[in-house]
Amino acid sequence: MTRKTSLGRSITSRRGTAAALGVAATATLLLTGCGVGEPVDRSTVEAADPDATTLRLAHVYDAGHPVEECGVSTLKEELQGSGLQIDSFPAAQLGNEAESLEQVANGSLDMAIAGPSFLGVWHKPAEVLDAAYLIEDVDHYVETVEGETMQSVFDDLYESSDLKVLSSWYYGTRHVTANKEVSSAEDFQGLKIRTPNAPLYLENIEAMGGTATPMALDEVYLALQQGVIDAQENPIPTIATAKFNEVQDYINLTGHMVQGVHITTGRSVYEGLTEEQRTALDAAMGAAADATRQCIEEQEQSVLEEWKNGDGIQVNENVDRESFAAAAEEAMLEQPWGELYQQIKDRQ
């Protein structure tokens, strides 16, 4: 049985099983609304099971971010009674995305949440999902990461690096904040724009006309406040939880990346699980992916409406996305995975 066939069958069972297993968690999430900084009700979460296998999971997002509040919390709830439990380390407690993936690869960490560009360090084609103006909307994102083309890329990643993508969670649609309106590539000229420290992020911003400045997420607020950088780009929930709206005047709805993050483990951890544990983990990951998407989409809408109706950051909807997209596409097609980029854009 090839890994590709096994993974495909796992995804199919995940959809059915997650729907049944996710009911209680989804109800809790709906009751709380998963607001920014508003915790999921954990009163139903049982105490740690001393006999369960504990998997340590690390990520860079704040404890109030939907990745933790909705995704990881749902994952924990869904795994109750499965013989598995999650010990989560948010806010880069165990290192940044690159460092946590390195720890997964060397076996010192069980799971990490990382974006495609960081997976691309281990297998270049995996970074394609971070290419600017690749994905149209959230449905297209889910269709892409669960489709045959990207599953083949994830299989190759596993074969070449022993890093296994367990699940892909919608992270949000990235926009640019700045102290001025940014509506075209001309407006980008001269702006120092923070990006994560991965080559493709820099290339995206350069293609759109800006000057990219790599920086860790936890350094951005102070850098914006002190004028070390002029702008940054992130999804709305991340902008809100990191409070970048306090130190920027405009959010410019460039929508240049419809992005997800990947829950990744190592071969020794995955193959060390029993078949029953893998099935439970797969179903829990599916429920967590659904919960994260719901929370992110709700926050994208509610926070944007709050900003539109408030006195803080101003919302610039007058963005020439088509010109940005045309420039980005030209640059992306020159990448080693340019053919894959076009294939995903065409939904092939």
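1. A good place to start is a single pair of side chains, since Asp139 and Arg293 are joined there by a polar contact of 2.7 Å. Asp139 is found in helix H6, and with a relative accessible area of 49% this residue is partly exposed, because exposed is a word kept for values over 50%. From the C-alpha of Asp139 to the C-alpha of Tyr170 the separation in space is 9.9 Å, although the two residues are 31 apart in sequence.

2. Please keep in mind throughout that this is a predicted model. The pLDDT averages 88 over the chain, and 86% of the residues score at least 70. Residues 1–40 need separate treatment, for their pLDDT stays under 50, even though the model has 69 contacts for them beyond four places in sequence. Where pLDDT is low, the predicted coordinates should not be read in detail.

3. As for the overall build, the secondary structure of the chain comes to 15 helices and nine strands. The chain has 348 residues, of which buried residues make up 55%. If one takes the contacts between residues at least 6 apart in sequence, 76% of them join residues that are at least 24 apart.

4. How many aromatic pairs does the structure hold? There are four of them, and one is formed by Tyr61 and Tyr171, a tilted pair with 4.9 Å from centre to centre and 40 degrees between the planes. Tyr61 lies in the loop between strand E1 (53–58) and helix H3 (66–78), whereas Tyr171 belongs to strand E4 (residues 163–178), and so the pair ties together parts that are 110 residues apart in sequence. Both Tyr61 and Tyr171 are buried.

5. Why is the pair of Tyr141 and Tyr170 called tilted? The ring centres are 6.4 Å apart and the planes stand at 50 degrees, and this angle counts as tilted because stacked is used for planes under 30 degrees apart and edge-to-face for those over 60. This pair, too, links distant parts of the chain, with Tyr141 in helix H6 (residues 138–145) and Tyr170 in strand E4, 29 residues apart. Tyr141 and Tyr170 are both buried.

6. Rings also take part in another kind of arrangement, in which a charged end sits over them. The charged end of Lys164 is placed over the ring of Tyr270, at 4.7 Å from the ring centre, and that of Arg267 is placed over the ring of Tyr158, at 4.1 Å from the centre.

7. His65 deserves a closer look, and its place is in the loop between E1 and H3. At 1% relative accessibility this residue counts as buried. Its side chain makes a polar contact of 3.0 Å with the side chain of Thr238, and the side chain of His65 also reaches the backbone nitrogen of Val67 at 3.0 Å. Apart from neighbours within four places in sequence, the residues in contact with His65 are Tyr171, Pro237, Thr238, Thr241 and Ile296.

8. Is Asn316, in strand E9 (residues 314–316), buried or exposed? Asn316 counts as buried, because its relative accessibility is 4%, and the cut-off for buried is under 20%. The side chain of Asn316 makes a polar contact with the side chain of Ser183 at 3.1 Å. Beyond neighbours within four places in sequence, the contacts of Asn316 include Glu181, Val182 and Ile251.

9. Turning to the nonpolar interior, the largest nonpolar core has 51 residues, and those with the most contacts inside this core are Val128, Leu134, Phe188, Trp337 and Tyr341. Strand E4 gives the most to this core, with five residues. Another core, of 27 residues, lies apart from it, and among its members are Leu84, Met111, Leu166 and Ala280. As for Trp337, its contacts beyond four places in sequence include Lys124, Pro125, Val128 and Leu200.

10. A last point concerns Ala126, which is found in the loop between helix H5 (116–119) and H6. Ala126 counts as buried, at 1% relative accessibility. Setting aside neighbours within four places in sequence, Ala126 is in contact with Pro116, Leu119, Gly120 and Val153. The C-alpha atoms of Ala126 and Ser152 are separated by 10.0 Å, while along the chain these residues are 26 apart.

How values were computed: Residues are numbered from 1 along each chain as its sequence is written. This is a predicted model: local features need pLDDT of at least 70, side-chain atom pairs count only at pLDDT 80 or more; totals for chains, interfaces and linings use all residues. Side-chain values use heavy atoms; hydrogens and water are left out. Buried means under 20% relative accessible area, exposed over 50%, partly exposed in between (1.4 Å probe, protein chains only). A polar contact is a pair of N or O atoms within 3.5 Å; within protein, one must be able to donate a hydrogen and the other to accept it, and residues adjacent in sequence count only if both atoms are side-chain atoms. Contact means heavy atoms within 4.5 Å. pLDDT is the predictor's confidence in each residue, from 0 to 100. Rings of Phe, Tyr and Trp (its six-membered ring) pair if their centres lie within 6.5 Å; planes under 30 degrees apart count as stacked, over 60 as edge-to-face and the rest as tilted. Helices (H or I, at least four residues) and strands (E, at least two) are DSSP runs, numbered from the N terminus. A charge sits over a ring if NZ of Lys or CZ of Arg is within 6 Å of the ring centre and within 35 degrees of the ring normal. A nonpolar core is a set of buried Ala, Val, Leu, Ile, Met, Phe, Trp, Tyr and Cys residues joined through side-chain atoms within 4.5 Å.
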